[in-house]
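Me: I've got a structure to look at, and I'd like to go through the words people use for it. Can you help me see what earns each label?

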Amino acid sequence: MNYARISDQLFVTAKDLTVRKPLAKEVKARREYIRNHQFSISVNPSTQETELQVIKE
C-alpha cells in the first residue's frame, strides 16, 4: 500500500521523470487554432447573455 508522509528529506529517484509523449493531432490543431485567433467575450448584465467573438489574426 502506498501512502505519503511529511519528511525533511528531498525526493530522490533513479528514474527519469521527464518523459514527454508526442501530442495528438487533435491537440496540435486546437493549440494552433488558439494561437492564430483572438477571443473576445462580452456579457450583457441585464440578461446575462454571453457573446463570443472569434477574430482570425
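Reply: Sure. Let's start with a word we'll need soon: contact means heavy atoms within 4.5 Å. Also keep in mind that this is a predicted model.

Me: Okay, which residues is histidine 37 in contact with, leaving aside its neighbours within four places in sequence?

Reply: Those are Val54, Ile55, Lys56 and Glu57. Each of them has heavy atoms within 4.5 Å of histidine 37, so each one counts as a contact. Histidine 37 itself sits in strand S1.

Me: And why is histidine 37 called buried?

Reply: Buried means under 20% relative accessible area. Histidine 37 comes in at 14%, so the label fits.

Me: What makes the link between histidine 37 and tyrosine 33 a polar contact?

Reply: A polar atom of the histidine 37 side chain lies 2.7 Å from the backbone oxygen of tyrosine 33. The cut-off for such a pair is 3.5 Å, so the distance passes. Tyrosine 33 belongs to helix H1.

Me: Why is tyrosine 33 called partly exposed?

Reply: Buried stops under 20% and exposed starts over 50%, with partly exposed in between. Tyrosine 33 has 41%, so it falls in that middle range.

Me: How many aromatic pairs does the structure hold?

Reply: It holds 1. The partners are tyrosine 33 and phenylalanine 39, with ring centres 6.2 Å apart. The limit is 6.5 Å, so they count as a pair.

Me: Why is that pair called tilted?

Reply: Look at the angle between the planes of tyrosine 33 and phenylalanine 39, which is 55°. Stacked needs under 30 degrees and edge-to-face needs over 60, so this one is tilted. Phenylalanine 39 has 40% relative accessibility, so it is partly exposed.

Me: Which residues form the nonpolar patch on the surface?

Reply: Tyr33, Ile34, Phe39, Ile41, Val43, Leu52 and Val54. Together they have about 680 Å² of accessible area. Helix H1 (25–35), strand S1 (37–43) and strand S2 (50–56) each give the patch at least two residues, and the largest share, 3 residues, is from S1.

Me: How do you know that isoleucine 34 is accessible enough for the patch?

Reply: Patch residues need over 30% relative accessible area. Isoleucine 34 has 48%, so it clears that bar, while still counting as partly exposed. Its place is in helix H1, and its C-alpha atom is 42 Å from that of aspartate 8, 26 residues away along the chain.

Me: What about isoleucine 41: buried or exposed?

Reply: Exposed: the cut-off is over 50%, and isoleucine 41 has 62%, so it passes. Isoleucine 41 is in strand S1. Leaving aside neighbours within four places in sequence, it is in contact with Thr50, Glu51 and Leu52.

Me: And what is serine 42 in contact with, using that same rule about neighbours?

Reply: Glu49, Thr50 and Glu51. Serine 42 is also in strand S1. Its relative accessibility is 36%, between the 20% and 50% cut-offs, so it is partly exposed.

Me: What makes arginine 30 and glutamate 26 a salt bridge?

Reply: Their side chains meet at 2.9 Å, N to O. A salt bridge needs an Arg or Lys side-chain nitrogen within 4 Å of a carboxyl oxygen of Asp or Glu, so this pair qualifies. A search of the whole structure finds 1 salt bridge.

Me: How far apart are arginine 30 and glutamate 26 along helix H1?

Reply: They are 4 residues apart, which means about one helical turn. Arginine 30 has 44% relative accessible area, so it is partly exposed. Glutamate 26 has 58%, which is over 50%, so it is exposed.

Me: Last one: what is notable about the phi of glutamine 48?

Reply: Its phi is positive, about 60°, although glutamine 48 is not a glycine. You'll find glutamine 48 in the loop between S1 and S2. With 58% relative accessible area against a cut-off of over 50%, it counts as exposed.

Technical notes
Residues are numbered from 1 along each chain as its sequence is written. This is a predicted model: local features need pLDDT of at least 70, side-chain atom pairs count only at pLDDT 80 or more; totals for chains, interfaces and linings use all residues. Side-chain values use heavy atoms; hydrogens and water are left out. Patches are made of residues with over 30% relative accessible area and no salt bridge: like charges are joined within 9 Å, nonpolar side chains (Val, Leu, Ile, Met, Phe, Trp, Tyr) within 5 Å. Accessible areas come from the Shrake-Rupley method with a 1.4 Å probe; for residues, only the protein chains shown count as cover. Buried means under 20% relative accessible area, exposed over 50%, partly exposed in between (1.4 Å probe, protein chains only). A polar contact is a pair of N or O atoms within 3.5 Å; within protein, one must be able to donate a hydrogen and the other to accept it, and residues adjacent in sequence count only if both atoms are side-chain atoms. Rings of Phe, Tyr and Trp (its six-membered ring) pair if their centres lie within 6.5 Å; planes under 30 degrees apart count as stacked, over 60 as edge-to-face and the rest as tilted.
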